[in-house]
Amino acid sequence: MRIAIVGAGASGLFLARALAHKGMDIVLFEHKDSAGKKLMATGNGRCNILNKGLSPYAYNNPSFVAPLIEEFPYSRLHEVIEKDWGVPLYEIGEYVYPASLSAIAFGNYLRGALDAEIRLNSRVGGYRADEDGVTLFHDGIRERFDEVVFATGGMSAPKFGSDGSLAKVFAEHGYKISELRPGLTPVLVEEKEGLKSISGVRIKALVRLIDQGHEITSEEGEVLFRKDGLSGIVIFNMSSSIARRNLSNPVLEIFPLPSVKGDRAAMLSRWKETSPGHYLESIFVPSFASYLLERSRRTGVPLENLIASISFHWAGNGGFDESTVTIGGIKTSEISSDFHSIRENRVSFIGELLDIDGICGGFNLSFALMSALKLAQSLLDGIR
């Protein structure tokens with residue numbers, strides 16, 4: 001069987017690795033000058049590939065993902081990578097990385113372990129499917145394959161190759177596609193004054209996302225302040241919630257001392273008596289303490305209220321250049337449970353190209369892996 005995999009990112013490489021040494025003729029098409037560019041930049045360069053708490057509720061479409069996780073639970077994914085592929089893994093809390101803690105090393109391993117041809121700087125412009133196979137139009141020529149798998153990703157981090165250039169082609173073939181939006185991004189806020197002074201400061205906080213007076217979601221984690229807004233994993237997750245729900249005027253409430261309970265005014269008075277002149281610096285780094293004092297003076301909001309909760313009005317999400325994953329894509333109603341197209345013979349879709357996205361923490365790479373393994377199993381069953 002001759003298989004074309006269009007896109008040599010995470011899902012494309014995972015599929016090629018799962019099919020390695022199975023007697024198939026596999027050709028990977030990649031329009032960048034190297035394979036796995038985005039994969040080798042994930043997890044702050046360490047490649048957070050799995051999460052021990054793998055759950056369908058970490059995704060925007062839990063009903064589609066649930067049976068997939070049932071078939072490929074964390075234990076099975078761990079076994080595939082460590083035992084079947086020979087890559088030892090390292091756990092840091094719920095996050096799971098290659099033992100090398102190097103996304104580049106893992107990406108290089110994947111590329112080296114493939115039993116496939118990789119064609120770099122190759123541009124696919126379209127395809128035509130029929131009962132017997134698929135004709136792929138690329139680089140000014142036509143080439144015939146028994147199966148074509150599209151693993152082209154979305155539009156996030158376009159410098160690594162995800163540019164959504166084939167979305168128009170899929171639409172012309174009749175596929176329903178949810179609007180593509182940047183997900184897992186920093187958040188811009190209206191209250192920019194004073195943020196420059198704490199740009200780069202990180203605090204542990206509880207964050208609540210509020211829309212029209214109702215809590216949409218909440219999560220505790222690290223918040224990173226920027227001169228124009230907020231960042232950090234918990235903020236990334238909030239940005240995806242905003243984009244999925246198409247919220248127009250949400251508010252992010254930051255609770256900077258989530259472990260401290262009780263009367264904040266009384267506590268502040270006690271802290272002030274204990275360390276007059278320096279009491280805030282016993283709680284926060286000096287620059288953040290100064291920011292709170294200045295914001296209280298400027299807005300008239302009592303300091304104890306700001307210590308309890310700081311509100312920021314959303315002014316937009318970061319763009320695709322700053323996003324980790326794409327929200328939207330080919331709707332799951334367009335594919336079977338094993339990722340084959342329901343519209344065309346011998347055409348399949350996996351990974352971020354689909355309208356499936358998860359929160360931070362290895363869930364998106366886990367989906368890329370699960371979708372690749374499920375499709376690989378189906379393709380192998382088809383030739384047995």
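**Group meeting talk: two sheets and a buried helix**

Okay, let's start with one pairing: strand 8 (residues 134-138) and strand 9 run antiparallel to each other and share five bridges. Strands here are DSSP runs of E with at least two residues, helices are runs of H or I with at least four, and both are numbered from the N terminus. Two strands pair if DSSP finds at least two bridges between them. One bridge joins histidine 138 to isoleucine 141 in strand 9.

Quick word on the source: this is a predicted model, where local features need pLDDT of at least 70, side-chain atom pairs count only at pLDDT 80 or more, and totals for chains, interfaces and linings use all residues. Residues are numbered from 1 along each chain as its sequence is written, and side-chain values use heavy atoms, with hydrogens and water left out.

Back to that pairing. It belongs to an open, antiparallel sheet of three strands, ordered 7-8-9. Why do strand 7 (124-129) and strand 9 (141-145) stand at the edges? Each has a single partner strand, so one side of each has no neighbour in the sheet. From one strand to the next, the twist averages 25°. Angles run from 0 to 180 degrees between N-to-C directions, using axes fitted to C-alpha atoms, for helices over the stretch in contact.

Now the other sheet. This open one has five strands in the order 6-2-1-10-19, with parallel pairing. Its edge strands, strand 6 (117-119) and strand 19 (347-349), each pair on one side only. The average twist here is 20° from one strand to the next. Inside it, strand 1 and strand 2 are parallel partners over five bridges, and arginine 2 has aspartate 25 of strand 2 as its bridge partner. Helix 1 packs on this sheet, touching strand 1, strand 2 and strand 10, and its direction makes about 165° with that of strand 2.

So, is helix 1 mostly covered or not? For residues 10-18, nine of nine are buried, meaning under 20% relative accessible area (over 50% is exposed, in between is partly exposed; 1.4 Å probe, protein chains only). Phe14 and Arg17 are among them. What do they pack against? The partners include helix 3 (74-84), helix 4 (103-113) and helix 10 (363-383).

Zooming out, the chain has ten helices and 19 strands, and 53% of its 384 residues count as buried. Among contacts (heavy atoms within 4.5 Å) between residues at least 6 apart in sequence, 71% join residues at least 24 apart.
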